[in-house]
2 protein chains.
Amino acid sequence: MTMTSTDAATEGHEAAALLERTRAVVDPHLRSAVESLPGGIRRVAMYHFGWENADGTPATGQAGKAIRPALVLAAARALGGDPERAVRAAVAVELAHNFTLLHDDVIDEDTTRRHRPTAWAVFGIPDAVITGDAMLALAQRLLAEDAHPAAAPAVARLSSCIIELCAGQQADCAFEERGPDEVTLDECLAMATAKTGALLGCACALGALYAGAEDRAVRAMDGFGREAGLSFQLIDDLIGIWGDPDRTGKPVGADLSAHKKSLPVVAALTSGAPAAAELAALYRGPMTTSGEVNRAADAVDRAGGRDWAQVCAADRMARAVHHLSRAVPDPGAAGDLLALAEFVTRRTS
Amino acid sequence: MTMTSTDAATEGHEAAALLERTRAVVDPHLRSAVESLPGGIRRVAMYHFGWENADGTPATGQAGKAIRPALVLAAARALGGDPERAVRAAVAVELAHNFTLLHDDVIDEDTTRRHRPTAWAVFGIPDAVITGDAMLALAQRLLAEDAHPAAAPAVARLSSCIIELCAGQQADCAFEERGPDEVTLDECLAMATAKTGALLGCACALGALYAGAEDRAVRAMDGFGREAGLSFQLIDDLIGIWGDPDRTGKPVGADLSAHKKSLPVVAALTSGAPAAAELAALYRGPMTTSGEVNRAADAVDRAGGRDWAQVCAADRMARAVHHLSRAVPDPGAAGDLLALAEFVTRRTS
């Protein structure tokens, strides 16, 4: 499947409208679920979602792009289900996603998210860990209390996905302990699939389950989300090196100065190109100055890491589209899902 | 209901035998569930349960007393259910309990558990947080994948319990930030009920659900476990001050030097006795020497905190027995549950 730039622009616009509609449908339920949390935890959660400031006064921050809830609802609709009945699943997936953000920020010691200090930076590590825990339990409770026949398989699927996500996050941390030439590209791809692909796949699979789809379609939907997720991660890794700080809310080359073994970096390190050794040497040092960070970014580029990531992202997107065509043979019905997948892989922040 | 010392000795023996039988039934399932976790996470989990050393070699440590799984199975049996069919629920509750231990040790910065270094002290905070997360998801998955009709309500109940536990842990942390006379005894009791009572109540309620008991009996079982849990916490708090380090595996007066606002301490601080002011003054200082810790323990005693905790533990136990008699009117059928409750409140380590 090829797309002209006019198609892409149209789909980008469609996806933005879809995400806006998703927010309008999902946000009230998400917010009332979060508001049901007990006192001290609710406060941290309300801050994390951008609905309150640190002092508890109302805020009008944005609570993220709602890509995962949009995938749940679009997958349900594409398979002939009623998206209204899948709203609870959409809320559960968004809660699970935000559980991972709360814990990942603690683990990665990230101090900024969505242009604000992260929850742990404001409330401390204990409150951020505890609030993440409660958010995961809340996600499971919402599904388990649903009278929908897909509820129990949805809990099982979300739980398996969380275990996979944890394995991905654990591998990511373990990679940082290893030397610059001790992580293979395959390991790195497996890690990214677990860390990012699994939850996007789960979102699509939950939508399929809630539409009453048969197992084959649920699995194909999972494959679509996973591959789109990996494409998304590749783009995210590129943004982590070459993104505009005004748009990302993070400093230039943040992933490089943190010595992250992201996909373009590992592709460069394992390329065998002369710039690979240069990059490895920089990765063995502190990389605190902007000169060092710029030299590392340049080395990733010269060693082919940037091009590889762009080609790989396109390849994964093609695989995603193939899975989608198996899950939803009618291209008309698959339009929203395709628009969402294209949207996330074309974003610049 | 009163018990003679001969009854108590018999029941203590019965309870120990019951816990041993529970371990024999539950451990193989618990272990195979933990072994199903992905690589890096499995290693931390196997260490935490005492089945492996830090280097991955087999260990023969003890994995805890299995009180919660024993409560699940005993509650199922007491209400006419088949305990064999409730093993999965027993495993899920034990996994959920160990999820809380992994995270609590990070949050409380505890370096020793069951006479060994805690998981975070060996593997670092990220691995301990991630492994706890995966363990909670594993507990939910085990329940959700169960074909038993109680599976969905069990997931919902366990999830609600985890949220309550998190609220209790959050309150506990918040109390430590407050001054010695800024926490009321009611707040402290509510915190302990959430932090300890909720999961013991949930264990009993899950056993009742798996026996197909009606809602009234499920709620009475929850009440039994909660009150027994609060009694257990009071005893645990006494051990945290006056326990024998050889048996507890923790230094003398560990809770005092950590400035914990445990129940006997808050009872002493809010007693109005002359020793309360002395204790408050010690709590405002560092309490690093054994002399200071001993003076604080003595002040808790003189202000009546020790006696109060003992009387309160007995009172909560009486309430537990009352709930139990409503859930299981036949005293013969309630014997195992009663023996377990008496056992946990008479323990010395």
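Visitor: Hi! What is the relative accessible area of K195(B)?

Guide: Hello! K195(B) has a relative accessible area of 22% and is partly exposed. Keep in mind that this is a predicted model.

Visitor: Okay, and which residue does K195(B) form a salt bridge with?

Guide: That would be D172(B), and the closest N and O atoms of the two residues are 2.5 Å apart. D172(B) sits in helix α7 of chain B and K195(B) in helix α8 (residues 185–210) of chain B, so their pairing ties together parts that are 23 residues apart in sequence.

Visitor: Is D172(B) buried or exposed?

Guide: D172(B) is buried, at 8% relative accessible area, while its partner K195(B) is partly exposed.

Visitor: Why would two side chains pair up like that?

Guide: Side chains of opposite charge can pair when their charged atoms come close.

Visitor: Cool. What does E176(B) pair with?

Guide: E176(B) meets K260(B) in a salt bridge, with 3.6 Å from N to O. This pair links distant parts of the chain, 84 residues apart: E176(B) is in helix α7 of chain B, and K260(B) is in the loop between α11 (254–257) and α12 (263–269) of chain B.

Visitor: And K260(B), buried or exposed?

Guide: K260(B) counts as buried because its relative accessible area is 15%, under the 20% cut-off. E176(B) is partly exposed, at 33%.

Visitor: What about R178(B), which residue is its partner?

Guide: The side chain of R178(B) forms a salt bridge with that of E187(B), 3.2 Å from N to O. Here R178(B) is partly exposed at 28%, and E187(B) is partly exposed at 30%.

Visitor: How many salt bridges are there over all chains?

Guide: The structure holds 42 over all chains. In chain A, salt bridges link R157(A), E164(A), D222(A) and R226(A) in a network.

Visitor: New topic! How many salt bridges cross the interface of chain B and chain A?

Guide: Zero, by the rule used here. There are, however, four residue pairs in polar contact between chain B and chain A.

Visitor: Which parts of chain B touch chain A, then?

Guide: The elements that give two or more residues to that side of chain B are α2 (39–48), α4 (87–108), α6 (125–144) and α7 (151–177). Sorted by class, the residues on this side are 21 nonpolar, seven polar and four charged.

Visitor: How many residues are in contact on each side?

Guide: 32 residues of chain B contact 32 residues of chain A. Together the chains bury about 2800 Å², and 78% of that is on carbon and sulfur atoms.

Visitor: Which residues of chain B lose the most area to chain A?

Guide: I130(B), I163(B) and Q170(B), which together make up 21% of what the chain B side buries.

Visitor: Last topic: how many disulfides does the structure hold?

Guide: Zero over all chains. Take C188(B): the nearest cysteine sulfur belongs to C312(B), 10 Å away. C188(B) is also buried, at 0% relative accessibility.

Visitor: Remind me, what is a disulfide?

Guide: A disulfide is a covalent bond between the sulfur atoms of two cysteines.

Visitor: So why is there no bond between C202(B) and C161(B)?

Guide: Their sulfur atoms are 4.2 Å apart, which is too far for a bond, because a disulfide here needs the sulfur atoms within 2.5 Å. C161(B) has the closest cysteine sulfur to that of C202(B).

Visitor: And C202(B), is that buried or exposed?

Guide: C202(B) is buried, with a relative accessibility of 2%.

Key. Residues are numbered from 1 along each chain as its sequence is written. Chains are lettered from A and ligands numbered from 1 in the order in which they are written. This is a predicted model: local features need pLDDT of at least 70, side-chain atom pairs count only at pLDDT 80 or more; totals for chains, interfaces and linings use all residues. Side-chain values use heavy atoms; hydrogens and water are left out. Buried means under 20% relative accessible area, exposed over 50%, partly exposed in between (1.4 Å probe, protein chains only). Contact means heavy atoms within 4.5 Å. Buried area is the accessible area (1.4 Å probe) that two parts lose on being put together, summed over both. A salt bridge is a side-chain nitrogen of Lys or Arg within 4 Å of a carboxyl oxygen of Asp or Glu. A polar contact is a pair of N or O atoms within 3.5 Å; within protein, one must be able to donate a hydrogen and the other to accept it, and residues adjacent in sequence count only if both atoms are side-chain atoms. Helices (H or I, at least four residues) and strands (E, at least two) are DSSP runs, numbered from the N terminus. Ala, Val, Leu, Ile, Met, Phe, Trp, Tyr, Cys and Pro count as nonpolar, Asp, Glu, Lys and Arg as charged, and the others, Gly among them, as polar.
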